[in-house]
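Open the model in your viewer and keep the selection box ready. We will go from stop to stop.

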Amino acid sequence: MTDKKENPHNKNDHANSSDIQAHLNALLSGKVESSKPKRSKQSDKKEPQPNPKQADDKQGTKDNHDTDTSDEAIKSDDDEAKTTKNKRPKRKRFLFSHEKAAIKTLIVLLIMAAGLIYLISPANQVQKYEVVGTHELSDKTVLHAASLKTGQPLLTTLNQSDYFSHMAKSKNPQIRHLKLTRKSDNTLQVKVDEIVKVGYVKVDNKYYPILENGSMLNRGLSNQQVGGLPIYDGFTSDKQLRKTLSEFGKLSDPLRHAVSEIVWSPNSQNNQRLLIYMNDGNQVLISADEMSKKMKYYPGMVAQLNKTGIADLQVGAYFKPYD
């Protein structure tokens, strides 16, 4: 009988199974140590403790580094905050300035529009002129000389008062000056400084009006006096006449119209004597340079008398009836 040879592979498998079983039994019985790796002797040695000073230095360096880093971080944050803070207000200020400029422009445009509307509206047109200060000139004469008409722009006319005054003087020598003032919404007052007529000068049977400033008007009136003003006669120089005219122009209206004629009649005692013929039949002797000062006593003097005669006002005041 032939012996069967054992298979090497079966033998090895059997051996391995026995080893594994024996190892498991040993583990279960606690005889075999854990398979965990043991710490080396070097690892059992104590690690050297760091020098406290070195540790402090290191810690200080670390703290300083951390502090520096922290400071840098804070500084960086502050710089960033400042940059953000500076940037934002600038934008806000720019926007605010832009809005403010836009509002101002809008206000100016609104004011200009309102002004233009007012200038072309009836509210800015003269509806009436009120003439004051005249004695002989009519309102129509004054307005015509100054070229003033209703419907003219009120503010423009008011602001050109000197222009209208110059125009009035050039057209009418009796207007010394005029001034425009606003009396109400659509009414302008025309205040006239009038050069009054103080009489007439007879030239070739014509009576020419003469003003208190000595000017003689060119409008000749044929063979008659107008307005109850006196006739000037006997004057041999322009200086004498102008002096008399100036004094006579200072008298009140009633007194001026009570005079019929003024004659230059100097004598040895008074080289400026005037002989004045009154409309009531009396005569007055007076110095030319004292006419405005002394003639004001004449009405009171004659009111106490029932006779006509000569009132001498050269030196003092006395009355001599006619014979």
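How many bridges join strand S8 to S9? Select residues 259-264 for strand S8, then add S9: five bridges join the two, and they run antiparallel. Strands here are DSSP runs (E, at least two residues), helices are runs of H or I with at least four residues, and both are numbered from the N terminus. Two strands pair if DSSP finds at least two bridges between them.

Before moving on, note that this is a predicted model, in which local features need pLDDT of at least 70, side-chain atom pairs count only at pLDDT 80 or more, and totals for chains, interfaces and linings use all residues. Residues are numbered from 1 along each chain as its sequence is written, and side-chain values use heavy atoms, with hydrogens and water left out.

**Stop 1: strand S9 and its partners**

Select residues 273-278, which make up strand S9. Five of its six residues are buried, so S9 is largely enclosed by the rest of the structure. Buried means under 20% relative accessible area, exposed means over 50%, and partly exposed is in between (1.4 Å probe, protein chains only).

Now click Leu274 in S9: Trp264 stands opposite. In S10, the bridge partner of Leu274 is Ile286. Add residues 283-287 to show all of strand S10. S9 and S10 pair in the antiparallel sense over five bridges. Four residues lie between the strands of this hairpin. Pick Gly281 there; its phi is positive, near 95°.

**Stop 2: an open sheet**

Next, find the open sheet of three strands, in the order S1-S3-S2. Its pairing is mixed. Strand S1 (128-132) and strand S2 (175-184) are the edge strands, each pairing on one side only. On average, neighbouring strands of this sheet are turned by 25° against each other, direction ignored. Such angles run from 0 to 180 degrees between N-to-C directions, with axes as lines fitted to C-alpha atoms (for helices, over the stretch in contact).

Select strand S3, residues 187-194. It pairs with S1 in the parallel sense, over five bridges. For one example, show Val131 and its bridge partner in S3, Val190.

**Stop 3: salt bridges**

Show side chains now. A salt bridge is a side-chain nitrogen of Lys or Arg within 4 Å of a carboxyl oxygen of Asp or Glu. The count comes to seven salt bridges.

Which residue forms a salt bridge with Glu130? Select Lys183: the closest N and O atoms are 2.5 Å apart. Glu130 lies in strand S1 and Lys183 in strand S2, so the pair ties together parts that are 53 residues apart in sequence. Glu130 is partly exposed, at 22% relative accessibility.

Move to Arg176, which is partly exposed at 36%. Its side chain meets that of Asp193 in a salt bridge (3.2 Å, N to O). Asp193 lies in strand S3 and Arg176 in strand S2, so this pair ties together parts 17 residues apart in sequence.

Add Glu212, which also forms a salt bridge with Arg176; here the closest N and O atoms are 4.0 Å apart. Glu212 sits in the loop between strand S5 (206-211) and strand S6 (221-222), 36 residues from Arg176. Is Glu212 buried or exposed? It is buried, with a relative accessible area of 19%. Keep Arg176, Asp193 and Glu212 on screen together: salt bridges that share partners join them into one network.
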